[in-house]
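Q: I would like to learn how to read a few features from a model. Could we go through them one at a time?

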Amino acid sequence: MTFSLEQLVIDNDIITMIKTVMAGIPVNDETLGLEAIQKVGIGNNFLGHKTTLNNIDLVSDPNVMDRDMLGDWKNAGSKDLATVAHERVLEIMKTHKVKPIPADKLEAMKAVVDKADKDFKLN
């Protein structure tokens with residue numbers, strides 16, 4: 001069996017984006033950007049308008065998936081998703097502090113394991 005910490009980091013990005021969408025996307029005058037679209041005009045590009053830029057991360061704000069423009073991505077080193085995920089794994093491994101399990105929960109977990117060990121042993 002194998003396990004990829006990098007895939008776990010990527011999956012976390014995907015799951016976070018799905019959970020955000022499932023919680024509901026705000027729909028109002030600001031998020032629809034109707035004023036910005038009208039101001040820019042039909043056939044013109046409103047993607048660079050401040051309203052679009054202010055609202056772009058409402059639906060998803062991934063940690064490892066790069067949504068920069070191609071030129072910006074190339075200028076930043078052209079790192080693929082696997083490389084960025086690996087760097088994130090290294091950062092997490094270096095900086096993450098594990099919360100200790102409370103003693104009462106640890107004792108309850110040990111009791112479950114002890115019972116399973118006892119039930120499993122052949123007579």
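**Reading the salt bridges**

A: Gladly, and here is a first result: by the rule used here, the count comes to four salt bridges. The rule asks for a side-chain nitrogen of Lys or Arg within 4 Å of a carboxyl oxygen of Asp or Glu. Bear in mind that this is a predicted model, where local features need pLDDT of at least 70 and side-chain atom pairs count only at pLDDT 80 or more, while totals for chains, interfaces and linings use all residues. Residues are numbered from 1 along each chain as its sequence is written, and side-chain values use heavy atoms, with hydrogens and water left out.

Q: Which residue meets E91 in a salt bridge?

A: That is R88, with N to O at 3.0 Å. Helices here are DSSP runs of H or I with at least four residues, strands are runs of E with at least two, and both are numbered from the N terminus. E91 and R88 both belong to helix α6 (residues 81–95), three residues apart, about one turn of the helix.

Q: Are E91 and R88 buried or exposed?

A: Start with the scale: buried means under 20% relative accessible area, exposed over 50%, and partly exposed in between, using a 1.4 Å probe and protein chains only. E91 has 43% relative accessibility, so it counts as partly exposed. R88, at 28%, also counts as partly exposed.

Q: Which salt bridges should I look for in helix α7?

A: Two pairs are worth a look. K110 forms a salt bridge with D114, their closest N and O atoms being 2.8 Å apart. About one helical turn separates K110 and D114, because they are four residues apart in helix α7 (residues 103–120). K110 is partly exposed at 44% relative accessibility, and D114 is partly exposed at 37%. In the other pair, the side chains of K115 and D119 meet at 2.7 Å, N to O. K115 and D119 are also four residues apart in helix α7, so about one helical turn lies between them. Both of these residues are exposed.

Q: How many helices and strands does the chain have?

A: There are seven helices and zero strands. Along the sequence, the pattern reads α-α-α-α-α-α-α.

Q: What does the radius of gyration tell me about the chain?

A: Compare it with a reference: the radius is taken over C-alpha atoms, and the globule rule is 2.2 Å times the number of residues to the power 0.38. A compact globule of 123 residues would come near 14 Å, but this chain has 23 Å. Its C-alpha trace spans about 80 × 35 × 25 Å along the principal axes. Of the 123 residues, 12% count as buried.

Q: Where is H49, and which residues does it touch?

A: H49 sits in the loop between α3 (34–40) and α4 (50–55). With a relative accessible area of 17%, H49 is buried. Contact means heavy atoms within 4.5 Å. Not counting residues up to four places away in sequence, H49 touches A36, K39 and V40.

Q: Why look at the phi of S78?

A: Most residues other than glycine have a negative phi, so a positive value draws the eye. S78 is not a glycine, yet its phi is positive, about 55 degrees. You will find S78 in the loop between α5 (70–75) and α6. Its relative accessibility is 33%, so S78 counts as partly exposed.
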